[in-house]
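Student: Can we go through this one together? I'd like to start with the overall build and then look at single residues.

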Amino acid sequence: MKKTGNLRNRSRGGVWRAALGRRNGGGAGRPSGDWEDVPGGGVTPLEGAASVEPPSGTALTVIMVGLTVATGVLDAVSFLALGQVFTANQTGNLLFLGFGIAGQGGRPVLATAVSIGAFAVGAALGARLESALAARQHQWFPVALTTEAALLVAAAAAAWESGPSRGLPPGRRCLAIGLMAVAMGMRNVTAIRAAVPDLTTTVETRAMTALVSGSPLGRDKRLGYGSRAGGRRLFSVAALFAGGLLGAGLLGLGTRPTLVILLVAAFIAATAFLVPGLARRRRTTDG
């Protein structure tokens, strides 16, 4: 019997894979996951299929905005206190590495290369971990955030002796930068999998372009003019700015970099703790 909705028959038992849409951002189609045939010609999600996904709608948007603020704080610490290198904004690091190799601008080559390499390692580990958890019907989103928080705690331990008036030995400095970059590499995988429009949590160039182009200044309907996307884009851009401002402000007040990193780790761990409850509330509301 033919089925509609771009569903593909997977087995004789009538299990179907929905291949359309996202749960957030207004995309059309069914949420991803396993579906089974039911009397009357409809489809319903298999038990547990939706339980692996993070919250949707406003709850997920708020989470991603909070993670964007956390990114700004961490990059403020890494750039201002650990050695003029980013751990999340790898676009800037690529340029810094080129400047450093050319011997211009006094940019550090080793620390920048460590950050880029560790970020790549984090992205690979994050992809393996999160896809494996999702395939086993486990909640990959809170586990990813918990792992990120643990990496940041390790980075804080590596930077334990750092303070406003003295720096770290080069080896420990690179270790702290590397651990933070691994965490941010995993974060990028988490953000891509969550797929909240305009909220990558680490870079804002596209969001800023879309914000202006889809505003009354740009009036580009293909980029969201006339929609409600402008508010989300504005929050995204403002969150990274606020995080950088907050991180720089804390360091300017004499707060040790270690403590700032630990505060961010605690925030991310608390977010991971809240996610399962928010996801259950979503399933209850949807049901």
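Tutor: What follows goes from the whole chain to its core, its helix packing and a few loop residues; bear in mind that this is a predicted model.

Student: Fine. How many helices and strands are in the protein chain?

Tutor: The protein chain has eight helices and four strands. Counting from the N terminus, the order is β-β-β-β-α-α-α-α-α-α-α-α.

Student: And what percentage of the residues is buried?

Tutor: Of the 287 residues in the protein chain, 43% are buried.

Student: What about contacts between residues at least 6 apart in sequence, what share of them joins residues at least 24 apart?

Tutor: That share is 63% in the protein chain.

Student: On to the core. Which residues of the largest nonpolar core touch the most other members?

Tutor: Met64, Leu82, Phe141, Leu152 and Ile268 do, in a core of 51 residues. At least two residues of this core come from each of H1 (57–80), H3 (109–135), H4 (140–158), H5 (170–194), H7 (229–252) and H8 (257–286).

Student: Which helix gives the largest share?

Tutor: H5, with 11 residues of this core.

Student: Take Leu82 from that list. What does Leu82 touch, residues up to four places away in sequence not counted?

Tutor: With those left out, Leu82 touches Val77, Ala159, Leu168, Arg173, Ala176, Ile177 and Met180.

Student: Gly83 is next in the numbering, so to speak. Where does Gly83 lie?

Tutor: Gly83 is in the loop between H1 and H2 (90–101). Its relative accessible area is 24%, so Gly83 counts as partly exposed. Apart from neighbours within four places in sequence, the contacts of Gly83 are Ser78, Pro108 and Arg173. Arg173 is also on the list for Leu82.

Student: How far is Gly83 from Ala111 in space?

Tutor: They are 7.3 Å apart, C-alpha to C-alpha, and 28 residues apart in sequence.

Student: Now helix packing. At what angle do H1 and H7 pack?

Tutor: The angle is about 35°, and the axes are 7 Å apart. The crossing is right-handed.

Student: Which residues meet there?

Tutor: From H1 the residues include Thr61, Val65, Thr68, Gly72 and Val77. From H7 they include Arg232, Phe235, Ala239, Gly243, Gly247 and Leu251. The contact of H1 with H7 is made up of 12 nonpolar residues, eight polar and one charged.

Student: H7 again, but from another direction. Which residues of H6 are buried?

Tutor: In H6, residues 205–213, the buried ones are Ala207, Ala210 and Ser213. They lie on the same side of H6, because they cover an arc of only 140° around the axis.

Student: And what do the buried residues of H6 pack against?

Tutor: They pack against H7.

Student: What comes after H6? Where is Asp220, for instance?

Tutor: Asp220 is in the loop between H6 and H7. Its relative accessible area of 32% makes Asp220 partly exposed. Leaving out neighbours within four places in sequence, Asp220 is in contact with Ser213, Gly214 and Tyr225. Ser213 is one of the buried residues of H6. Asp220 and Ala210, 10 residues apart in sequence, are 9.1 Å apart in space, C-alpha to C-alpha.

Student: Any backbone oddities? What is the phi of Asp198, say?

Tutor: Asp198 has a positive phi of about 70° and is not a glycine. Most residues other than glycine have a negative phi. Asp198 sits in the loop between H5 and H6. Thr201 is placed in the loop between H5 and H6 as well, with a positive phi of about 75°.

Student: Is Thr201 buried or exposed?

Tutor: Thr201 counts as buried, since its relative accessibility is 0%.

Student: Last topic, H3. What does Ile116 touch?

Tutor: Ile116, which is found in H3, touches Gln90, Asn93, Leu94 and Leu97, with residues up to four places away in sequence not counted.

Student: And Arg128, buried or exposed?

Tutor: Arg128, also located in H3, counts as exposed at 69% relative accessibility. Arg128 and Val189 are 61 residues apart in sequence, with 9.8 Å between them in space, C-alpha to C-alpha.

Methods. Residues are numbered from 1 along each chain as its sequence is written. This is a predicted model: local features need pLDDT of at least 70, side-chain atom pairs count only at pLDDT 80 or more; totals for chains, interfaces and linings use all residues. Side-chain values use heavy atoms; hydrogens and water are left out. A nonpolar core is a set of buried Ala, Val, Leu, Ile, Met, Phe, Trp, Tyr and Cys residues joined through side-chain atoms within 4.5 Å. Buried means under 20% relative accessible area, exposed over 50%, partly exposed in between (1.4 Å probe, protein chains only). Contact means heavy atoms within 4.5 Å. The arc is that of the directions from the helix axis to the C-beta atoms. Axes are lines fitted to C-alpha atoms, for helices over the stretch in contact, and angles run from 0 to 180 degrees between N-to-C directions. A crossing is left-handed if the near helix is turned anticlockwise from the far one by less than a right angle, and right-handed if clockwise. Ala, Val, Leu, Ile, Met, Phe, Trp, Tyr, Cys and Pro count as nonpolar, Asp, Glu, Lys and Arg as charged, and the others, Gly among them, as polar.
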